[in-house]
Structure formats: structure tokens, C-alpha cells
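Colleague: I would like a close look at one part of this model, with its surroundings described afterwards so that I can place it.

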Amino acid sequence: MALARVARSGLRRSGGSFGGNRTEDVFCEGVSPCQCSMPSLENVREYVNLSYFSSTKNVNHMRFWSRGIRVMPHYHSPAAEMVAEVSDSEYDEPRYPGLEATKPGEKPRVVVLGTGWAACRFLKGLDTKIYDAVCVSPRNHMVFTPLLASTCVGTLEFRSVAEPVSRIQSALATSPNSHFYLASCIDIDTDKHEVYCETVSNGGLPSEPYQFKIAYDKLVIAAGAEPLTFGIKGVYENAFFLREVNHAQEIRKKLLLNLMLSENPGISEEEKKRLLHCVVIGGGPTGVEFSGELSDFIMRDVHERYTHVKDYIHVTLIEANEILSSFDVGLRQYATKHLTKSGVHLMRGVVKEVHPKKIVLNDGTDVPYGLLVWSTGVGPSNFVKSLNLPESPGGRIGVDEWLRVPSVEDVFALGDCAGFLEQTGKPVLPALAQVAEREGKYLAELFNKKIGKKNGGKALSAKGIPLGEPFVYKHLGSMASVGRYKALVDLRQSKDAKGVSHAGFVSWLIWRSAYLTRVVSWRNRFYVAMNWATTLVFGRDNSRIG
């Protein structure tokens, strides 16, 4: 009998992965051919620890995800059972279970990678009478990120900012040929029109890690981005990011834990100050809004419910330049004064390295902390970097004016993972929710009214179809809350343009009204309105669960 060889990971073509996984070949080394004889598939299952499914190095995905690295939990479809292949040839191509190419007469299949702003707006607008939709993502919901900071201190409940993707596009739950898979895309074969996916090892499937493939007619990459750490040592190990619901949950648990630990007898004054020192790195909208929410929580709730340690807790916001650099100068000055008045210590500095209990700045200053939140912007993910696709400035996937990826057929990219190529003459757009949402809306209309109506939905069938007007982005303005019923509203279309800008209580009302109307569904709007009302009357919930 020939050597037993199990299918290898398709990832090996690019050598990269999403979440840091790599694969290796496994052979029956040092064993004679007769000893490797496996007359049945049952024997293969008995030796599953030697299969390629176990050759991938296991990574603690949940730990990395909680620190901001987007990785994929598992999902098991009954139609996708693991197949172990016993081959007479070492050079056979790997075989994956999954969805094969669509047949004549079937609707074109659009595969969407991600459930962020861009992906969900595209899915919401996609005409499922024309297309079947398949979505692959690390989470089964969309996060309303502008209100995520409010969940860290109990102003809002976590469910208020999350909307299941199956409610955004009901066909994913009801249509027989549309699916949602909670899995990671680890590789793309643009020649074969296939994506290769991997679930997270959790011990619940017959073989781990579980891998499968999906054939596509059109592919939309909206895989998002990862927090920028600038290669600073210790950030991933010690800091919290604020991009997912589970990040907010971890921040809230850590904050409340430190408050309760500081009340224990025998804790020194110095240790109390360290435990209750909350440090925020990055003076963008996320960092400023989180600092404002935290100062509100301290002034109203901590002073009432943790009176023994109320004088020890304080917030420091560290920024290398100016806070809210994209806002009007007058608004920046207002934010600086208001945060300072609210007890937030603003500090200029650049982080050199992060330790478990302190950070070190470039000038040698040590800053002890009990809670460290990192909010310095985003950059391309490891998955995006691993793809053999054109790049825009900054390392994003390069796209043309219609959000197509040049040099490959039937692939589109949008959101934080995509940027215009230099030859388009357009600047790379900022990683903002409104940019991603508008791109998703534009691409859905392009698929419905141009490609779909002219029978260009199938693979390799859209050549020569006129796509109409290219995508044009017009900035609608920026808003940010700074705490204590104050906010900033900047309606200029660009940093250097003239326009309306305002700060104060009226701006706070505008901020809340705008976000309440922009929340994904009426269900979430009800949750948000009720949470705001109960917080106003009864204060924030400071229960620590988990």
C-alpha cells in the first residue's frame, strides 16, 4: 500500500494566514510502507492526529481576539462534513468540503468576507432575487462602533450596539442557498474563484481545525483592519483595544475589578493609585469619547458607590500631537479645556514600550497604570497583507474607481481594508464608518442595477458591462462626545474647508439624536433609548459579571 497522506491546507500557496496560523506537511517518516497501510477510512480517523487538520499550529484565538486581532470562531454546517483523503500520490491537490461552483440556471453566488459597516451595508442592499449571498466572518453581528465606548462603563448594554447579521440580511437565514459561516478566510484562489476557510478549534467538531472551501461568482472583501501598535513591545500582551463588543466587556470587567480590589485591606496608597489609574493612548475620537465616558462614570457613579477610593481614581490621555487633529481648531481647544475640567489629565508623549504595570515613554518617563486602553488608529490586517493582490498606499487592497480589484476578475474590496490605487488619482479614504457604509451602499447598487440586470453576475461574465458613475465620497462631518452632556459637531467637508462647527450641550443633543437614528434597527434604537433613560434616572450598572 502507498503512504497515507491527508489533504494539505490551501494556505500553503501564499504562506500567510488570518490570525497567525501556519500549516506544515506531515509524513509517516521512519515507517515502512506496510506499516503505514490503511485499508479503510476508519483507520484514517483513528490517526486523525497525523492529518493535515492537526498539522496547523493551534492558536488561542479568543485571547488574541480579545486583544484586537480579528480571528474566526467556528461554525459547522451539516452540508460540510470533513473528508480525509487517502491518496496514492503525494502530489494530489488538497480536497475540501464546501460549496462547489454554481451551475447553469442557478443564481450567481456572492461571497462576502466580513460583517463590519461596509459588508453589512452591502448585504442589506443586495438584491437576493438576483444573487445568493454567503457571508464569512469572525462574528455573527455588526457592531455600532460610535457607541461602543458607552458600553464600557454601563451607560449602554452590550446588546444595544450589536445587530445580528441575519437580521440585516434575512436571506442568510431563510434562503436555501444563502449562508452565514462563522469562520476565517485563510486564503483566496482568484484563478479557481475559491476562498478557503477555517473554523476556530473548540473541541466541538470531528476534526480540528475544521477547513472548507466556497466557490464564488463574485467576491467582496470587507475584512476590516487591525489596531496599529507601531511594533511597540508589550502592547498586545498588556493593552486593551476598543473595536469589538468583547473588548468593551473586558475593559468593563477590568475597571470594576480594580475598583473592588483597591478596597481590600492592606493595599498600599501607591498600589491603590496604580490600580485606579486608567491610561488611554491615542487622542482620536475613540480615545476622547472613552475618556469622556470614563470621567462621567467617575464623577457620578464612583464618587457615590466607591467612596473609600474615590480620591484615588483618575484618567490620563496620552497623545503624541494634538487631540482630535481632524477637527476644527476651536473645537480642539474646547475639548482640551472640557476634558481637563472633568479631571482627565492630558499628556504629550510617545510610548516606547509597555510593561504589565507601567508604560515607558520616549523621554524615559514611567507611567504606572491599572487599566490601559490603546486607541491609535488602524492598519492592514495580517490576512490582507498575506493576499497576493495589488496594494494601495498604506498597504490596503488596491481598488479602482468602481471598487474593483484590478488584475483579477470578479473581486471587489471596500471598507477599512481597501484604498484607491495611486493611478486613480484619488486619495486613500480614512478608516471611518461613514466611508465604509457609503461604499457598501454604492457597491450594492452597482451589483443590482448594473451587473445583475445585465446578466453579469456569473463568474467571468461581467467583462465589457458599463458600470456607470464611479464611487465618489463626500464627507458629511464629524462628531465626538467629550462627556458631561457636551459634544463637538464639525460639519466641514474637509480639514481645510470652511463650514459649521459647534460645541456644547446643543451639540450633545445633536450627537445623541444623530446616532439614535443611525443605529442599525428599530430594535437597537429602542434598547439605546431605554438604556439612556434608565442611566439618567438610576445611574450606570456597576455589576461585575464573569
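In strand 17, which residue is the bridge partner of Ile 359?

Modeller: The bridge partner of Ile 359 in strand 17 is Val 367. Please keep in mind that this is a predicted model, with a mean pLDDT of 84 over the chain and 82% of the residues reaching 70 or more. Over residues 1-91, however, the pLDDT is below 50, although this stretch has 185 contacts in the model beyond near neighbours in sequence. Where pLDDT is low, the predicted coordinates should not be read in detail.

To return to your pair, strand 16, which covers residues 358-361, is joined to strand 17 in the antiparallel sense over three bridges. Both strands belong to an open sheet of three strands, ordered 15-16-17, in which the pairing is antiparallel. Strand 15 (351-354) and strand 17 (366-368) are the edge strands of this sheet, each pairing on one side only, and the twist from one strand to the next averages 25°.

The model also holds an open sheet of four strands, in the order 14-13-12-18, and here the pairing is parallel. Its edges are formed by strand 14 (344-348) and strand 18 (371-374), each of which pairs on one side only, while neighbouring strands are turned against each other by 20° on average, direction ignored. Within this sheet, strand 12 (residues 277-281) and strand 13 (residues 314-319) pair in the parallel sense over five bridges, and Ile 281 stands opposite Ile 318 in strand 13.

Two helices pack on this four-stranded sheet. Helix 9 (residues 245-261) touches strand 12 and strand 18, and its direction makes about 155° with that of strand 18. Helix 11 (residues 285-305) touches strand 12, strand 13, strand 14 and strand 18, with a direction at about 170° to that of strand 13. The two helices also pack with each other, at an angle of about 35° and with their axes 14 Å apart, in a crossing that is right-handed. Helix 9 contributes Ile 251, Leu 255, Leu 256 and Leu 259 to this contact, and these meet Phe 290, Leu 294, Phe 297 and Val 302 of helix 11. By class, the contact of helix 9 with helix 11 has eight nonpolar residues, no polar and no charged ones.

Two further helix pairs may be useful for orientation. Helix 4 (residues 117-125) and helix 14 (residues 433-452) pack at an angle of about 30°, their axes lying 7 Å apart, and the two helices are therefore roughly parallel to each other. Helix 4 passes helix 14 in a right-handed crossing, and the residues of their contact divide into eight nonpolar, three polar and three charged. Among the residues of helix 4 that meet helix 14 are Trp 117 and Phe 122, and those on the side of helix 14 include Leu 443 and Phe 447.

Helix 15 (residues 505-518) and helix 16 (residues 522-538) pack at about 150°, with their axes 9 Å apart, which makes helix 15 roughly antiparallel to helix 16. Their crossing is right-handed, and the contact is made by Arg 512, Leu 516 and Thr 517 of helix 15 together with Arg 525, Val 528, Ala 529 and Trp 532 of helix 16. By class, this contact of helix 15 with helix 16 has four nonpolar, one polar and two charged residues.

Definitions and conventions. Residues numbered from 1 in each chain as written. Predicted model: local features only at pLDDT ≥ 70, side-chain atom pairs only at ≥ 80, totals over all residues. Heavy atoms only, no water. Axes fitted to C-alpha atoms, helices over the stretch in contact; angles between N-to-C directions. Parallel < 35°, antiparallel > 145°, perpendicular 65-115°, else oblique. Left-handed = near helix turned anticlockwise from the far one by under 90°. Contact = heavy atoms within 4.5 Å. Nonpolar A, V, L, I, M, F, W, Y, C, P; charged D, E, K, R; others polar. Pairing = 2+ DSSP bridges. pLDDT = per-residue confidence, 0-100.
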